[in-house]
Amino acid sequence: MSTSSFSAAHKSYVKSLYRRMLKNELDWVVRRDIWRGRAMMIRAEFERNRDVHDPRALGEVLRKAEAELATKQHPDPYIPPSMPGGTKWERNIPPTAIGPIYDHLAAGHH
């Protein structure tokens, strides 16, 4: 097991950045065979910067990656249909569980 000088929050941020970049590429390219090649290029870029341990240099690398992601952001990203903002979101909401309006079986009504 290797020791790292970076916190769990830093690792989580880098993972989030990686996943956001992959998802953004998937928004631009629908065909998985083409997307896979782009995903491999993104992975290679992350691997190229894996051994950067200087906090200032790493901050610069991450800043550039965020800027690149912002410039390449898709204007109309894919939203799964059943998720908030999707085309099927809350389309067929099940009725709320309420009791009967008039209880015909109540005592004294027969």
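Let's start with His10: setting aside neighbours within four places in sequence, this residue is in contact with Leu58 and Leu62. His10 is found in helix H1. Is His10 buried or exposed? Its relative accessibility is 19%, and buried means under 20%, so His10 counts as buried. Keep in mind as we go that this is a predicted model.

Now step back to the whole chain. There are three helices and zero strands, and from the N terminus on the elements run α-α-α. Of the 110 residues, 17% count as buried. The accessible surface comes to about 9,400 Å², with 59% of that belonging to carbon and sulfur atoms. As for how the chain meets itself, take the contacts between residues at least 6 apart in sequence: 57% of them join residues at least 24 apart.

Val14 is another residue with its place in helix H1. Like His10, Val14 has Leu62 on its contact list, and Phe46 is there too, again leaving aside neighbours within four places in sequence. Val14 and Leu62 are 48 residues apart in sequence, yet 8.2 Å apart in space, C-alpha to C-alpha. Val14 has a relative accessibility of 23%, so it counts as partly exposed.

Follow Val14 over to Phe46. Beyond its neighbours within four places in sequence, Phe46 is in contact with Val14, Leu17, Tyr18 and Met21. That leads straight into the largest nonpolar core, which has 13 residues; those with the most contacts inside it are Leu17, Met21, Leu22, Trp35, Ile42 and Phe46. H1, H2 and H3 each supply at least two residues of this core. As a general point, nonpolar side chains in soluble globular proteins tend to be buried together.

Next comes Glu66, whose place is in helix H3. Which residues does Glu66 touch, once its neighbours within four places in sequence are left aside? They are Tyr13, Leu17 and Arg20, and Leu17 is one of the core residues we just met. The C-alpha atoms of Glu66 and Met21 are separated by 9.1 Å, with their positions 45 residues apart along the chain. At a relative accessible area of 23%, Glu66 is partly exposed.

Asp27 is worth a look as well. This residue lies in helix H1, and its relative accessible area is 14%, so Asp27 is buried. What is it in contact with, leaving aside neighbours within four places in sequence? The partners are His74, Pro77 and Tyr78.

Finally, let's turn to the empty space. About 1,000 Å³ of it lies in the largest pocket. There are 32 lining residues, and the closest to the pocket's centre are Val14, Phe46, Glu47, Asn49 and Arg50. So we come back to Val14 and Phe46, the pair already seen in contact. Helix H1 (8–28), helix H2 (32–48) and helix H3 (55–71) each supply at least two residues of the lining. Which helix gives the most? That is H1, with nine residues. By class, the lining has 14 nonpolar, seven polar and 11 charged residues.

How values were computed
Residues numbered from 1 in each chain as written. Predicted model: local features only at pLDDT ≥ 70, side-chain atom pairs only at ≥ 80, totals over all residues. Heavy atoms only, no water. 1 Å grid on protein atoms, 1.4 Å probe; cavity = no way out; pocket = protein on both sides within 12 Å on 5 of 7 lines; lining within 4 Å. Points joined across faces, edges and corners; volume = space filled by probe spheres on them. Helix = DSSP H or I, 4+ residues; strand = E, 2+ residues; numbered from the N terminus. Nonpolar A, V, L, I, M, F, W, Y, C, P; charged D, E, K, R; others polar. Buried < 20%, exposed > 50% of the residue type's maximum accessible area, 1.4 Å probe, protein only. Contact = heavy atoms within 4.5 Å. Areas by Shrake-Rupley, 256 points an atom, 1.4 Å probe, with all protein chains shown as cover. Core = buried A, V, L, I, M, F, W, Y, C linked by side-chain atoms within 4.5 Å.
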